[in-house]
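Work through the exercises below with the model open. Try each task before reading its solution.

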Amino acid sequence: MTVALTGNYVNFGVFALYEDKALENALQVALQLILSVGLEDVLSFPKLSRHYFSFLDVLFRNHLPFVAAKDTGTFMNLMNVLHEGLQALDPPMSTHCASAIDYLASYLFINRDKDWQSLHMLQAHVAQDPSLLPKLTQTLFTQLLFGPYSNHWSVTRPMLSLMMADESSFTSYRQHLISTQSPENQQKLNEAFTKLLADVARNLEPTNRD
């Protein structure tokens, strides 16, 4: 299914144009299969987990309106899966999860002023759990600062998009992290954050991300 969705074989827009439910039905069946497998089982089998999270990456990249149309329970289940996968030691797995989170946060930020049904549904889902974006932000910074990952660049890719989508999450984490340091290190850490953000503009252009 992942290969079919990423192979550029079909212009998926024609399905909506002609009100053809074939794509939606295929995505629904694939999502049901994904959610029928327990997360513990997924994480126990590396080959399964890589295909599992690869599909979620594609789903969030190209079919967010489909994800938005699911009920809040299903959406939160998917976000929990991505959060757990983000903390996995397997680089491909955590990279796929980070990518999916980045697509979500970017969609929320870039289209924040649009009057789209899919955007409103996603915003409603996120509003049901105010801790969702702060939790993801905290996990990303924890991985960057303390994680042993060889794919730091990929895992922290959503950092800017999350900051843009929910600035208060970053501010809260920054204050929390500084408060946990010794007095002599608090000023140094605060200066490091200030330097980090010195040239950051309020956009998600590639140069700004880097």
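Contact here means heavy atoms within 4.5 Å. This is a predicted model: local features need pLDDT of at least 70, side-chain atom pairs count only at pLDDT 80 or more, and totals for chains, interfaces and linings use all residues. Residues are numbered from 1 along each chain as its sequence is written, and side-chain values use heavy atoms, with hydrogens and water left out.

**Exercise 1. The core**

Task: Find what Leu-59 touches, then place Leu-59 in the largest nonpolar core.

Solution.
- Leave out residues up to four places away in sequence; Leu-59 then touches Leu-27, Leu-31, Leu-64, Phe-66 and Val-67.
- A nonpolar core is a set of buried Ala, Val, Leu, Ile, Met, Phe, Trp, Tyr and Cys residues joined through side-chain atoms within 4.5 Å. Buried means under 20% relative accessible area, exposed over 50%, partly exposed in between (1.4 Å probe, protein chains only).
- The largest such core has 58 residues. Leu-59 is among those with the most contacts inside it, along with Phe-53, Leu-56, Phe-60 and Phe-75.
- Helix α8 (residues 91–110) gives the most to this core, with 10 residues. Helices are DSSP runs (H or I, at least four residues), numbered from the N terminus.
- In soluble globular proteins, nonpolar side chains tend to be buried together.

**Exercise 2. One helix, two sides**

Task: Which residues of α9 are buried, and where do they point?

Solution.
- The buried residues of α9 are Ser-118, Leu-119, Leu-122, His-125 and Val-126.
- Look down the axis. These residues fall within an arc of 125 degrees, so they line one face of the helix. The arc is taken over the directions from the helix axis to the C-beta atoms.
- They pack against α6 (64–68), α7 (72–86), α8 and α10.
- The face turned away from the buried side carries the exposed residues Gln-117 and Ala-127.
- Now take Val-126, in helix α9 (residues 117–127). Its relative accessible area is 13%, so Val-126 is buried.
- Not counting residues up to four places away in sequence, Val-126 touches Phe-75, Met-76, Leu-108, Leu-132 and Leu-133.

**Exercise 3. Rings**

Task: Classify the pair of Phe-141 and Phe-193.

Solution.
- Rings of Phe, Tyr and Trp (its six-membered ring) pair if their centres lie within 6.5 Å; planes under 30 degrees apart count as stacked, over 60 as edge-to-face and the rest as tilted.
- The structure holds seven aromatic pairs. In this one the centres are 6.3 Å apart and the planes stand at 55 degrees, so the pair is tilted.
- Phe-141 lies in helix α10 (residues 132–146) and Phe-193 in helix α14 (residues 183–196), so the pair ties together parts 52 residues apart in sequence.
- Both Phe-141 and Phe-193 are buried.
- Ring pairs link them with Phe-170 and Tyr-173 into a cluster.

**Exercise 4. Salt bridges**

Task: What does the salt bridge between Asp-90 and Arg-50 link?

Solution.
- A salt bridge is a side-chain nitrogen of Lys or Arg within 4 Å of a carboxyl oxygen of Asp or Glu. The structure holds four.
- For Asp-90 and Arg-50 the N to O distance is 2.8 Å.
- The pair links distant parts of the chain: Asp-90 in the loop between α7 and α8, Arg-50 in helix α5 (residues 46–62), 40 residues apart.
- Asp-90 counts as buried, at 17% relative accessibility. Arg-50 counts as partly exposed, at 39%.

Methods:
Helix = DSSP H or I, 4+ residues; strand = E, 2+ residues; numbered from the N terminus.
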